[in-house]
Structure formats: structure tokens, C-alpha cells
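Here is a short report on one predicted model. It covers confidence, nonpolar cores and one buried side chain.

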Amino acid sequence: MHKLSRRSASTILRHGSSRYLRSATAAPITGATRSGDSVVESDTKLRWYSVLTAGQCSTVRSSNELNLKKNGLFLGNRYESTATASDTSTSPPPEKYEYQAEVSRLMDLIVNSLYSNKEVFLRELVSNASDALDKLRFLAVTEPELLKDAVDLDIRIQTDKDNGIVTITDSGIGMTRQELVDCLGTIAQSGTAKFLKAMKDSKDAGGDSNLIGQFGVGFYSAFLVADRVVVSTKSPKSDKQYVWEGEANASSFTIREETDPEKSIPRGTRLTLYLKPDDKGFAHPERIQRLVKNYSQFVSFPIYTWQEKGYTKEVEVDEDPAEANKDKQEETTEKKKKTKTVVEKYWDWELTNETQPIWLRNPKEVTTEEYNEFYKKTFNEYLDPLASSHFTTEGEVEFRSILYVPAVTPMGKDDFVNPKTKNIRLYVKRVFISDDFDGELFPRYLSFVKGVVDSNDLPLNVSREILQESRIVRIMRKRLVRKAFDMILGISMSENREDYEKFWENFGKHLKLGCIEDRENHKRLAPLLRFFSSQSEDEMISLDEYVENMKPEQKNIYYVAAESVTSAKNTPFLEKLLEKDLEVLYLVDPIDEVAIQNLKSYKEKDFVDISKEDLDLGDKNEEKEKVMKEEFRQTCDWIKKRLGDNVASVQISNRLSLSPCVLVSGKFGWSANMERLMKAQQVGNTSSLEFMRGRRVFEINPEHPIIQNLNAACRSNPDDNDALRAVDLLYDAALVSSGFTPENPAQLGGKIYEMLGMALSGKWSVSTPEVQQSAAQPRTPETLEAEVVEPFEVGGRK
């Protein structure tokens, strides 16, 4: 076994303490020794003082050696072992030690790692001041003498921007010397938590208390912005006022009695923060006021900030000598003295949190105008919301909330679904925590909903800024989502139909996305959807309205996806359904088809895409179909042979009445519209495109003249080039009319030009039968005789 000298032990403690030592107690107070600052065990155990205070370890026993055990470094007594001792079966009992903290590293964690934003220091310190006022109010019920000093219960914040000083004063319970040692001298020891435990254990504890700070580290957030912090406090239980002082990078602090009468306070606590050079901007009165309004607007005690104010007054001004002489010459009998308006500035206290939390009031007592005013002020909106919902949830999880549906979508948003919209403001005991969530309280597709949520028992982390995933959060999320749906449903059932049309125009895509992402709420989402249809091309209808208009024998809800309403109503897939007066939904938004496929059914009615194979319209005549298939079986095989791998099969269609043919998609593949959308994707996978579009079925209309002529050609002369070219052109035409994109548009154009040339050959090139006959019989050229002309005289010359 290896022995370490005292010097080696000191080296290990100095360099390795952060790795091997952990605890939650701070260094002992200078000039005082407390049992809480050391570990006191039996006579055979060690007492370890803070490494940073003593610089070395001291022991109660004479042994000061260290023991290296097999499993690592262990601080404690070393038991001498020899070859003889190792042979014995008895072993010494294990010794128990408590963790210790390296205070400088723990403080460094609090300052640099615990909080993500420096400005929350004011929230933490104001929350502590509010707790001190709450404690005094609770204790004064049984001890009225605590309020003997007639001091109002309030919080006052004063700044000195020139010197970078912020002072926060409360008239709360204050602290005695021992409480200073216990609460500010021990990191992570919460006086609030102790008080709550005492209230809980007390038999006459009346009701629930809304104290805020229970982690015991909120005070140390002051070192986020301050180099030095001075705490002056006076408890009504003590006649003396004490001053605590500590620095950011120090491992110790001082406590002294206040002897300066000018700095005395009747009751409470005054925190003075000497800001770091880079953080002196927090000493500006306007910034402090803004932070108070953002984080502590709804604290139940008044918060005053020291602000510069001004008032206007009239003062006399000296006259210009030139004007004075002019007035004298005019010999005015009565002259008014000239004045000007100036602004006199002064400093005074200003109440900053004058707004009462509207969510704590009874919903029956709040008017619509008050809800709208709160919405506009909180979220910087200029239009009234479409709807609001104020509710309180009790039982397993208790919280209060007000939710709003905005009138319009936010401007300048590229992505219509943004999980971090800062639309939900989370409060804990009326103190603002955060508005930066990533789907914890609301799903992504409901990110447009705005509102406030206030809870007393949310599972926050120590810095309060991160919401921890837990069962309580999941329950809260479920209830908030349910209330949001109730609010939207109320808009849809409103007598003013334009309200929901406005909502759907702005947020319809969000609900369709919900059909894809949230299977649990399909029953709540489906009634809110709106679509155009073959019987309502100008006004959208709901699925409920579609089901009400269904034929008695209709079993399914039919739909077709297209690029626009015009494209949808002209598609050949509709022909037979329009004849039967069956309504078809038009899915013209790119997200519609995926949303409907995820819904699958509504009120026990399945959604059916009329552009897919095996369409059943409920009017099958098996005997007639059998006859048709037998008659056109040879033609179908002939067309399939000609088209080859372009189609999976050729079948008799039951959906056509006017068109000769149509190209339908496989039952489990992409439709033509989906294939078009996937091709348009910037990072589309070509291999998946080939796989999903692999099966296409060519359906022919046996009653159309073109198909009947091809049937005759197949029986009489199947190798005729004109007939084969007609099949190719028929396929290309079906490809386009069914919504697919031809792979070779130039080749398709050439086929069309060829057919046009055959159809129009010589049709308009002649106008009369005589000309046609002369054009048919070539003319024989005639022999012409030349005429001799004698010369004549002009002016006497030949």
C-alpha cells in the first residue's frame, strides 16, 4: 500500500477536489465556527474544513495520512496494513464522509451555467423580495407586533447609471445574523423552502402560500451582473441591523453590524449591486423599468422604480433691445411680458406594476373589451382576436390560463408553422418565466395560438427557464390543446360565417398539418376542416355538411386531388359520379391529400380517391361486366402488348361516360397529384419516385366510338400502323388528362402534329370543283405564235 505525504495530500485536495469532492455547503464564516460548516462524526472520524478557507485539511485524530483504495481516491484515515494483518479475516468498519463543495467552482456554475440570460437577475431578486413580504404578511397574522413599524409592504428599485449601482429594497421580514449565515452563507439552502415546510407542519397553517423561490440559488444570480453585492437587513425580531458583503470570485463573505445611522432601515432588506463594467447598462432606469414590466408585472406587491419625470411651466424671458425700442416708439399703453414654456425635470418613485393579473379574476366579471385590451397590450397586436378562452383547471394539475386566436397570421413568416413563436407566456406564481418553448405546452400545428399560462407547481429546473418533461407537463399540454380546440369550434359554430372563413384562410393549413402529426385529436380536427366540392365550387363546406348531403346508398366519401378547382372539375374521373349526382371533394391544397389519407375515415365513412384503381360506386352489374370483359379481352391484351411496361394492366372502366380512356394510379401508390408534388420537391428522391409511381392502370370506355373502332381494328388487322399509332396517342392523351406529366413532351407533340396532318391533309387547300379537277388532271402546254411588230416613228425617228 502506497503512502502519501502531507504535501501530496494538499496537492490532491487543491487540484483534484473538484473531481472527487461534491457538496452543497459553503465555506465557513470568517471568525466563526459552525457545526454546519464541517462534518462532525464520532471520535474515530475526521473533520474536514473547506479547502479554500483553510488551504489544507485538519483532523481531529493524530493520523493525517490518506488511503488509496482499489476503486479510486478516498479521503480519510489510513489503516496500517501488513502482511500479517492482511491474513486476518476481520476488516475495519467503513467510515462515512459527507461531500464538500469547492465554493468558487460552485459559484462559477451558478453564474455561468445555470442561467441562460443575464437579465433574469432582476426577476430572481424581485421574487426573493416578494417572498420576504409574503412571509411577513403570513407571520403578522399570529404576531401583529411584527408590523409595529408603520411601513408599507412594497419593493423599491433605484439606480445610479453614472456609477453602475442598482439598489433593491423591500419592507419584508428581513433577516437576523444567524439567518444571514444560514441563508446567504450556504448555497442552495432556501429560507423559503424552510418556511413552507414549517407552514405545512403547523397545524394552523391556513391555505396554500404562493412563495416563489425554493431553490436557494436565486440570490446568487446577482453575481451574473455584479462584482460585489452588499445586503443590509433588519428583522423585526432583532434590534440590530446587519450587513452581508460578498464578491463574485471570492470563496468567503463578511457579516458586520450596521453602525451608520444614515444607512439604517426600519425593517426589511436592501440589496446593493455594484455592476461589472460590461453590465453597467442595467443601471439605466428605463431598462430596469422594462425588465420589471416583462418579468414581474404581476407580482402581488407594488414595485416602485426611481424615474426621471418632468412638468411644464411658463417662465419670463428677457426682451431683445431692438424689439424693446420698437415697442417704445409705438407707445403702447399696456404691454404683456413675454414668456416661454420649459420642462422642469425631477426624480420620483413611479409605480411600475400597476396591472392586475386578469387571469386571476372571475371570468364572469371580465368583459370582452378587457380581454381584447389585455391581448393587444401583452402581444403587441392592433386587431382584436377572433376568440378567447379563460379557464381554470383544478384537480390533479392546477393552473389558470387565457388563450386567444389571432385575427391574422404574423407578417414576414417564411415557415407557416414555427414552434418558437413566443406566443405562450408562462408564469409561475405570477412571475414571468419564459415564452421560448419548443412544443412543450402546445404542439407545432397550434403554434398560432397565443395566451398566458400561470401555475404554482410546474416542474421547472433551478434556473426556471427550462420546462422539464414530466407527467404534469403532459397533462397540462393535453388540457390546453383541448381548450384550444373548443375555442376554434366555437368560432366555426358562430352565426357569423365570415369569422370562420377568416380563420380558415389564415390557419387552415395548421389544422391540416395536425391531421398528419396528431392522431389522438383526429376527432377534434376533422369537424374543423373545410373543402371545395363538386356541388360547392365557390364556398367551402365541412365534412359534416358533406355527410348530411350524402345519398342513402352512398358508403364512402369521395375526393379527387388536383392543382386547382378548375382542374379538378374537368378531370375525367368525375364523369360517372356527376351522372349519379355523387358529391366529390376537391383537394386543391398541396397538404390536403396527405391530411385526408391520415384521417382515413369520418363518422364511419371511408375516404376514397376516385383517381385510384378498383373504384366502387355501389352499382356493380357483375353479369354485364363479365360480358364486356369477354368482348374486349382481346383488345385489352392487344393494347397492353403495345404499351408494354408503361402500364400494369388494361381494364374496362366503370367511371367513364364521355372520355375514351383514363390512366389511374395503383391502390397503394401515389396519385397523379402527389407525383407532381413530389417531383417539385427540391431534394426529391428519384428512386422513391420510380418505386411509388410504378403501377398505373389504363382503363378504357367500351361505349366510346374510338375504343369500338380500335376493337374492330384489333380483330381485323392488329398490325395496322395507324391503329398502333392511335393506341400510342390515346395513351399520351390519357396521361395528360389524368394529371400525369409526359416523360417526353416533344415526342407527344410530334404524334399530335402527325395526326393533325393526316386529318387536315388537303381539307382547305382548294375552293371549287373546277379547280380541284384541273388540279387532279395536269394541263398540256399550248404552242403560241410570235407576232411581228413593225417599227414606228417617234419624232421623225425609227
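The chain averages a pLDDT of 77, and 72% of the residues score at least 70. pLDDT is the predictor's confidence in each residue, from 0 to 100. Two stretches fall below 50; the table lists their contacts (heavy atoms within 4.5 Å).

| Stretch | pLDDT | Contacts beyond four places or near neighbours in sequence |
|---|---|---|
| Residues 203-209 | below 50 | 4 contacts |
| Residues 211-215 | under 50 | 29 contacts |

Where pLDDT is low, the predicted coordinates should not be read in detail.

This is a predicted model: local features need pLDDT of at least 70, side-chain atom pairs need 80 or more, and totals for chains, interfaces and linings use all residues. Residues are numbered from 1 along each chain as its sequence is written, and side-chain values use heavy atoms, without hydrogens or water.

Now the cores. A nonpolar core is a set of buried (under 20% relative accessible area, 1.4 Å probe, protein chains only) Ala, Val, Leu, Ile, Met, Phe, Trp, Tyr and Cys residues joined through side-chain atoms within 4.5 Å. The largest has 74 residues; Phe442, Leu446, Ile488, Leu511, Tyr558, Leu585 and Ile610 touch the most other members. Helix 11 (residues 471-492; helices are DSSP runs of H or I, at least four residues, numbered from the N terminus) gives the most, with 9 residues. Beyond four places in sequence, Leu446 contacts Val481, Ala484 and Ile488. A second, separate core of 58 residues includes Leu224, Val225, Ile358 and Phe379.

Asp732 sits in helix 23 (residues 721-737). Its relative accessible area is 12%, so Asp732 counts as buried. Its side chain makes a polar contact (N or O atoms within 3.5 Å, one able to donate a hydrogen and the other to accept it; residues adjacent in sequence count only if both atoms are side-chain atoms) with the side chain of Lys751, at 3.1 Å. Beyond four places in sequence, Asp732 contacts Leu748 and Lys751.

Note on methods:
Buried < 20%, exposed > 50% of the residue type's maximum accessible area, 1.4 Å probe, protein only. Helix = DSSP H or I, 4+ residues; strand = E, 2+ residues; numbered from the N terminus.
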